[in-house]
Amino acid sequence: MFAVQFRRDWLSLRRAKDEAINPLVFLFLAATLFAIAFGGEPRRLAGLAPAIIWVLVLLANLLSLEALFRRDFEDGTLEQLLLLAEPPFAAVLGKVAVQWCMSGVAMTVLAPVVALLLNLPLAVLPALMLGLLLGTPALSLIGAVGAALTVGLRGGGVLLALLLLPLYLPVLVFGVSATLDTMAGVGAAAQFYWLAAISAMALTLAPFATTAALRISVEQS
Amino acid sequence: MTGLACTRGGRRLFGGFDLTLGAGGCAEVHGANGSGKSTLLRIAAGLFSDYSGEVEAAPCHYLGHRNGVSALLSPLENLRPYERLGTGSAWEALARVGLQDEWENPSGQLSQGQQRRVGLARLLLGDKPLWLLDEPLTALDTDGRRLVRELVESHCGGGGVVLCATHQTLGCSATEVHLEP
């Protein structure tokens, strides 16, 4: 079921490329603005770069999450998924996996460009990318729960941000500190383990919570 | 279903509703707008749980107001995932509803009636004993309406059960049920 849903959503994604690329464009544009705003002080920018990149990744992820279930909710595909998929949480996981490929993985790949814009030392780049790769699954998985709860609401975007940003804080804190510690020459293994642990926990719990939240949203429609 | 009652938005939709359908049974639910036909079907499908009474329903296909057809995907791509349910092929189901020539166009470019037909084609996949149809005739032409009647007749002929909410009549022998508060 996971593979079937993954293939189906991947196909939809390829048909609606512009929508999928928007969050990445946001990440790039916002980073450019920071680079211009700090134009005179590139050295200070380097110290702030990890925090800026992680905050932008968080926000870009929120942008792409809003659309995660919207279309399926509106055309009724979601009802069919809940009724016919066996088991539904596997299909939900397939949808989240596609969203992660287009947010987490794509942003990890884009990270070197953004890092270059923000004057981040090249030696820290591996730590930044590893942190993103380990931390973004948690963002997508936890985010899916929020997206499922707000999919039936008009103007659920702000509510989604209010709901999710507090839950994103641990990932933000460990992600930024992993990069900063690597920059300072201290090992950051502990933070990477934490990011991996958060993602693993989200992977075991979030699909079930998302499925339950989707049921609630479909019942209210 | 026995003693089924449902209140929505503070308004009593229906109460004391009883209905039993055996193998091969077909029932048309009639009632005014807002009388709770759609809610009744969603309860039977397990998509609405705020009711009192008892419901026992076999594994079902549900065709609601929304067809469950993704506009970005072609009809064939829409149906392919449901082949996993077991029986039937997406291609044959499409041919049955007369859309074999439209299989590769994005469903968003199809007319309302054609999209409805894609939704109908899904019923043919997976061999579910119970079909819950909410206004299946909407947007369909004369040909399409005959198609629905034939599908329902052959499903009931094979021992399946159909519960259908409609303002028109399907045209096959069916028990008529009226929903009243």
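**View 1. Helix α8 of chain A and its kink.** In this predicted model, helix α8 of chain A comprises the 28 residues 156-183, which at 1.5 Å a residue should span 40 Å, and the 38 Å between its end C-alpha atoms agrees with that expectation. The helix nevertheless carries a kink of about 40° at A:Y168, shortly before the proline A:P170. A:Y168 is itself among the buried residues of α8(A), which also include A:L160, A:L164, A:V171, A:F174 and A:G175, together with A:V176, A:A178, A:T179 and A:T182. These buried positions pack against α3, α7 and α9 (189-220) of chain A. After the helix comes A:G185, whose phi is positive, near 85°.

**View 2. Helix α2 of chain A and its bend.** Helix α2 of chain A, residues 17-37, has 21 residues that at 1.5 Å each should span 30 Å, in agreement with the 30 Å that separates its end C-alpha atoms. A bend of about 30° is found at A:P23, a residue that is buried, as are A:A20, A:L27, A:A31 and A:F34 of this helix. The cover over the buried residues of α2(A) includes α1 (2-15), α3 (42-66) and α6 (88-117), which belong to chain A as well.

**View 3. The largest nonpolar core and the surroundings of A:L118.** The largest nonpolar core has 113 residues, and those with the most contacts inside it are A:I53, A:V57, A:L118 and A:A148 from chain A and B:V162 from chain B. Helix α7 of chain A, residues 125-150, supplies the largest share of this core, namely 14 residues. Leaving aside residues up to four places away in sequence, A:L118 touches A:A31, A:F34 and A:A35, and also A:L45, A:A49, A:I52 and A:I53. Of these partners, A:A31 and A:F34 are buried residues of α2(A).

**View 4. Chain B and its contact with chain A.** Chain B contains five helices and eight strands, arranged from the N terminus on as β-β-β-α-β-β-α-α-α-β-α-β-β. Its radius of gyration of 16 Å is close to the 16 Å that the globule rule gives for 181 residues, so chain B is as compact as a globular protein of that length. Along the principal axes, the C-alpha atoms of chain B fill a box of roughly 45 × 35 × 30 Å, and 41% of the 181 residues count as buried. Among contacts in chain B between residues at least 6 apart in sequence, 72% join residues at least 24 apart. The contact between the chains takes 19 residues from chain B and 15 residues from chain A, and the chain B side consists of eleven nonpolar, five polar and three charged residues.

Key. Residues numbered from 1 in each chain as written. Chains lettered and ligands numbered in written order. Predicted model: local features only at pLDDT ≥ 70, side-chain atom pairs only at ≥ 80, totals over all residues. Helix = DSSP H or I, 4+ residues; strand = E, 2+ residues; numbered from the N terminus. Expected span 1.5 Å × (residues − 1). Bend = angle between axes of the 7 residues up to and from the residue. Buried ≥ 20, exposed ≤ 12 C-beta atoms within 10 Å, placed from the backbone. Contact = placed C-beta atoms within 7 Å. Rg over C-alpha atoms; globule rule 2.2 N^0.38 Å. Nonpolar A, V, L, I, M, F, W, Y, C, P; charged D, E, K, R; others polar. Core = buried A, V, L, I, M, F, W, Y, C linked by C-beta atoms within 7 Å.
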